[in-house]
Amino acid sequence: MKSFFDQKNFLKEIEPLISKSMGTEHMSPFLYNFIKFVRPHRCLEIGGGLTTVYILSALKELYELEKEEMSNKETNFDLGLKNDDYYNLKHPDFILHSFDLLNHPKTAANKIPEVAKKLELEKHLKFYNEDYKNLVNVIPKEELVFDLIWCDLGGLEHYLVYQDLLLPMISNKGGYIIFHSTLSNVHGFAFLSQLKLKLNNGMLPNFELISLFEPHKKMQNSCTILRKVGGLSNRIYTERP
């Protein structure tokens with residue numbers, strides 16, 4: 001199966017979404033590869049842009065891969081490594097719910113639906129020109145559990161809302177939430193400090209945290225990943241790695 005890297009028109013079509021000031025030139029392909037690695041099915045994005053198309057590309061590729069794998073076809077890994085427990089799970093569709101108010105002065109999010117359609121990714125996208133704080137009234141209740149949440153709307157006021165609103169929506173089967181731009185700024189430092197305090201005090205049970213830093217930039221230079229431990233990752237399958 002071809003990846004988006006093999007599509008000659010991919011880089012041309014995403015040009016309207018590229019911004020040198022948004023800090024997603026490496027974050028976008030990172031999210032693509034992260035998604036291919038952990039295989040989330042239902043995803044949520046707060047703040048759209050270049051990352052949206054990379055997320056959608058990964059979801060589309062996984063959708064096509066899993067159709068083949070469910071037929072017991074070998075794809076990009078040895079069938080002897082196949083974990084039947086994963087394929088026997090009842091997974092939701094591969095879908096991205098993306099929220100953006102389109103009010104950032106440098107936003108390109110308004111171009112997302114058009115670019116997604118040109119790249120034949122629209123099947124996996126639900127785009128909302130809405131305040132994410134209203135998502136419980138927009139997304140059906142039965143879909144308010146996410147395998148991956150990507151938060152690209154910074155500021156302490158949003159970080160704290162994310163924590164209260166979104167952490168309870170992370171799947172117990174081993175879901176992730178990723179916050180953008182959490183290091184080397186006052187708001188991110190305050191947010192991470194209280195997150196770590198809660199983790200150390202046992203107030204966020206079953207969560208683990210790691211932050212990544214781009215040392216060559218002073219802004220838009222980091223992300224923090226929270227993983228909710230659970231699901232298949234808690235099982236022992238083999239004696240050796």
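Which helix lies across β5, β6 and β7? Select residues 186-200 and you have found helix α8, which runs at about 150 degrees to β6. Before we go on, keep in mind that this is a predicted model.

**Stop 1: the sheet**

Now show the strands. Seven of them form an open sheet, and if you walk across it you meet β3, β2, β1, β4, β5, β7 and β6, in that order. The pairing here is mixed. A bit of background helps: strands of a sheet pair through backbone hydrogen bonds, either parallel or antiparallel.

Colour β3 (125-128) and β6 (207-213) next. These two stand at the edges with a single partner strand each, so one side of each has no neighbour in the sheet. While you're looking at the whole thing, check the twist: neighbouring strands are turned by 15 degrees against each other on average, ignoring direction.

**Stop 2: strand β5**

Zoom in on residues 176-180, which make up β5. Are the residues of this strand buried or exposed? Five of its five residues are buried, so β5 is mostly covered.

Turn on the side chains. In a regular strand the side chains alternate between the two faces of the sheet. You can follow that here: Y176, I178 and H180 point one way from β5, while I177 and F179 point the other way.

Next, look at who sits beside β5. Select residues 222-228 to bring up β7, which pairs with β5 in the antiparallel sense over five bridges. To see one of these partnerships, click on I177 and then on L226, its bridge partner in β7.

For another neighbour, select residues 148-151, which is β4. Strands β4 and β5 run parallel and are joined by four bridges. Here, look for L148, which stands opposite Y176 of β5.

**Stop 3: two helices side by side**

Select α2 (residues 27-38) together with α3 (residues 50-70). Their axes come within 8 Å and cross at roughly 25 degrees. That angle is under 35 degrees, and α2 and α3 are therefore roughly parallel to each other. Their crossing is right-handed.

Which residues make the contact? On the α2 side, pick S28, P29, L31, Y32, I35 and K36. On the α3 side, the list includes L50, T51, Y54, I55 and L65. Sorted by class, the contact of α2 with α3 has eleven nonpolar, three polar and two charged residues.

**Stop 4: a buried loop residue**

Click on T24, in the loop between α1 (10-13) and α2. Is T24 buried or exposed? Its relative accessibility is 5%, so T24 counts as buried.

Now show what T24 touches: P29, L50, T51, D152 and H180, leaving out residues up to four places away in sequence. Some of these are old friends. P29, L50 and T51 belong to the contact of α2 and α3, and H180 is one of the buried residues of β5.

**Stop 5: two loop residues with positive phi**

Last, pick N72, in the loop between α3 and α4 (84-87). Its phi is positive, about 65 degrees, although N72 is not a glycine. With 52% relative accessibility, N72 counts as exposed.

Then jump to E120, in the loop between α5 (112-118) and β3. E120 has a positive phi too, about 60 degrees, and is not a glycine either. At 56% relative accessibility, E120 counts as exposed.

Key. Residues are numbered from 1 along each chain as its sequence is written. This is a predicted model: local features need pLDDT of at least 70, side-chain atom pairs count only at pLDDT 80 or more; totals for chains, interfaces and linings use all residues. Side-chain values use heavy atoms; hydrogens and water are left out. Axes are lines fitted to C-alpha atoms, for helices over the stretch in contact, and angles run from 0 to 180 degrees between N-to-C directions. Angles under 35 degrees count as roughly parallel, over 145 as roughly antiparallel, 65 to 115 as roughly perpendicular and the rest as oblique. A crossing is left-handed if the near helix is turned anticlockwise from the far one by less than a right angle, and right-handed if clockwise. Contact means heavy atoms within 4.5 Å. Ala, Val, Leu, Ile, Met, Phe, Trp, Tyr, Cys and Pro count as nonpolar, Asp, Glu, Lys and Arg as charged, and the others, Gly among them, as polar. Buried means under 20% relative accessible area, exposed over 50%, partly exposed in between (1.4 Å probe, protein chains only). Two strands pair if DSSP finds at least two bridges between them.
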